[in-house]
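Reader: I should like to learn how to read a metal site and a sheet in a protein model. May we go through an example together?

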Amino acid sequence: MRNQEIADRFNEIADMLDILGEDAFRIISYRRAARQLEALTEDVEDLVRKGRVASIPGIGQALGEKIEEYVTTGKIRYHEELKARFPPGVLDMLRVRGIGPKKVKQLWQELGITDIETLRKAAQTHRLSKLKGFGEKTEEKILRSIELMKEGESLFLLAPAHAIAEAVLAHLRKSAPVGQLAAGGSLRRMKEIVHDIDILATSKDPGAVAQAFTTMPGVREVLASGESKSVVLLATDDRFIQVDLRIVEPGSWGAALQYDTGSKDHNIHLRTMAQKRGLTLNEYGIFRDEKKIAGETEEDVYRTLGLRWIPPEMREDQGEIELAAEGELPRLVEDKNIHGEFHVHTNATDGVDPVEAMVDRAQELGYAYVGISDHSVSSTVAFGLSAEQALARRDVFRAMNRERKGFTVLFGTECDILDGGEMDYPDEVLKEFDFVIGAVHSRFTLPIQDMTARIVAAIRNPYVNILAHPTTRKIGQRDPIQVDLDDVYAACASTGTAIEIDAYPDRMDLNGTQARAAHNAGCVIAVDTDSHAKGQLTWMHFGVGTARRAWLTAADVLNAWPLEKVRDFLH
Ligand SMILES: [Zn+2]
Ligand SMILES: [Zn+2]
């Protein structure tokens with residue numbers, strides 16, 4: 001699939017036109033086309049072959065020809081011509097948060113800054129504050145954004161890392177004689193950020209597995225290759241992720257998987273327990289003197305230490321070992337417990353698919369209900385809907401509910417929480433929705449007291465049912481807002497407002513630790529994907545993983561409840 005490659009080029013064309021100050025309409029059409037390509041589930045090469053490029057919504061003749069040109073020649077001449085007009089590095093500056101095309105133009109043409117490193121130095125030496133629209137605050141922000149970017153270069157978000165791991169596992173299963181096979185590490189614990197991928201396998205022919213691993217598609221460099229351990233760098237988008245493969249004896253499978261899954265603190269705690277019993281625990285098994293007494297399965301390993309098997313998501317040494325010893329582990333929520341979700345966008349605002357497609361997908365996932373929550377009017381970057389536009393859609397929802405027997409579409413909104421804590425729609429509009437999600441999308445830098453008061457005021461609004469992405473962080477891009485989360489949890493608990501785990505890969509907000517604190521404070525948790533395309537609804541898996549990291553059971557999760565109970569909660 002080259003869909004993403006073409007989308008990237010279209011976005012770059014839009015960026016370049018924007019910096020050059022070209023016609024806004026053309027810029028928008030390239031950006032829209034890029035979004036469509038990103039969301040397209042079909043392979044664009046197939047569409048070109050079948051002469052059906054024009055069937056992609058938002059792609060007219062001119063853009064269609066550029067897609068064909070790329071598929072046949074591997075480049076877009078227009079893209080190359082534009083690019084030749086920019087010194088190398090200029091476009092990279094757009095990756096710094098807070099630097100848009102207009103600012104890039106200023107930096108380049110007025111100060112001669114053409115790359116991120118020079119930009120960083122200029123911000124440190126306050127050269128930027130000479131420019132119109134750049135103050136000391138902007139300089140600080142730019143420095144922090146560059147820092148975040150550097151951090152981000154060594155981390156991978158859970159969802160894409162998970163997809164890579166799945167592809168590696170599928171490749172090994174298909175092309176080598178593997179017995180047991182799994183990904184361990186923080187990926188298995190469903191941490192929202194991973195640094196590399198650890199794969200474990202057993203095999204009768206370790207050499208063949210190592211061979212299949214080091215020659216799989218996408219391997220850029222083999223760092224180590226052997227019968228017990230191989231390490232490769234795998235190409236992914238524009239960078240590389242390290243993937244380790246360990247091949248172990250079947251009798252050590254459980255011990256190796258346990259060891260490899262971590263966390264470090266959890267494992268140290270287990271080793272100490274083993275020592276107290278006169279045992280040795282390592283990646284090969286549990287030993288009494290020299291004799292191995294467990295190791296073939298994880299269950300064995302835990303049982304030998306007097307523990308129930310502990311779900312990987314809980315293995316952070318936060319009290320789970322004590323619970324396992326008492327046989328008191330909670331029964332964690334699972335994917336199959338989820339009956340629906342609430343935070344879903346459509347092409348009425350900044351999503352790419354029409355409402356019917358989003359609802360179809362939710363139904364295919366086996367849900368009983370789905371809430372559609374497009375943006376409110378103040379979200380201008382997200383093409384927010386006026387109250388009239390929003391309410392006018394209600395009939396569409398009613399019609400869908402008449403047609404789809406046994407499935408319910410809930411009519412909602414993701415309504416901006418304005419700077420002072422009032423909602424973007426007045427109460428008489430809010431009360432018309434089946435549910436209201438409140439969300440902060442602006443003024444991320446308010447001082448902590450003001451931000452907390454702002455969010456708590458929204459939670460107290462009787463029509464607000466769910467607080468979305470409470471810290472507003474974007475991993476690798478934007479720090480969390482300054483807010484007293486304990487006050488937020490207390491307000492949610494006392495008003496019966498659910499608080500969200502937003503499973504959009506770069507949000508994962510709340511994270512596991514925070515969601516656990518919210519639950520302990522008495523909050524109901526909603527697990528949502530914040531989908532902007534139908535293919536994104538399956539990110540629910542990572543939201544559920546986060547809920548499991550928060551030790552939540554199905555009873556704790558709003559969208560694991562049946563519709564009737566959900567309706568009661570929303571009213
Ligand atoms: Zn939002
Ligand atoms: Zn949203």
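Reader: Are E414 and H469 buried or exposed?

Author: Please note that this model is predicted. A residue counts as buried when its relative accessible area is under 20%. Both E414 and H469 are buried.

Reader: Which protein residues are donors of the zinc ion (ligand 1)?

Author: A donor is an N, O or S atom within 2.8 Å of the zinc. For the zinc ion (ligand 1), the protein donors are E414 through OE, H441 through NE2 and H469 through NE2, at 2.0 to 2.2 Å. Along the chain, their spacing reads E-x26-H-x27-H. Two of these donors, E414 and H469, link distant parts of the chain, 55 residues apart. E414 belongs to strand β13 (residues 408-416), while H469 lies in the loop between β15 (466-467) and α21 (485-495).

Reader: Which residue bridges the zinc ion (ligand 1) and the zinc ion (ligand 2)?

Author: E414 bridges the two ions, which lie 3.3 Å apart.

Reader: In what order do the strands of the open sheet follow one another?

Author: The sheet has 7 strands with parallel pairing, in the order β11-β12-β13-β14-β15-β16-β17.

Reader: Why is one side of β11 and of β17 left without a neighbour in the sheet?

Author: β11 (340-341) and β17 (525-528) stand at the edges and each has a single partner strand, so one side of each lacks a neighbour in the sheet.

Reader: How many bridges join strand β12 to β13?

Author: There are 7 bridges between β12 (residues 369-375) and β13, and the two strands run parallel. For instance, D374 has T413 in β13 as its bridge partner. Helix α16 (residues 355-364) packs on the sheet and touches both β12 and β13. The direction of α16 makes about 150 degrees with that of β12.

Methods
Residues are numbered from 1 along each chain as its sequence is written. Chains are lettered from A and ligands numbered from 1 in the order in which they are written. This is a predicted model: local features need pLDDT of at least 70, side-chain atom pairs count only at pLDDT 80 or more; totals for chains, interfaces and linings use all residues. Side-chain values use heavy atoms; hydrogens and water are left out. Donors are N, O and S atoms within 2.8 Å of the metal (3.2 Å for Na, K and Ca); water is not among the atoms, so sites may look incomplete. Helices (H or I, at least four residues) and strands (E, at least two) are DSSP runs, numbered from the N terminus. Buried means under 20% relative accessible area, exposed over 50%, partly exposed in between (1.4 Å probe, protein chains only). Two strands pair if DSSP finds at least two bridges between them. Contact means heavy atoms within 4.5 Å. Axes are lines fitted to C-alpha atoms, for helices over the stretch in contact, and angles run from 0 to 180 degrees between N-to-C directions.
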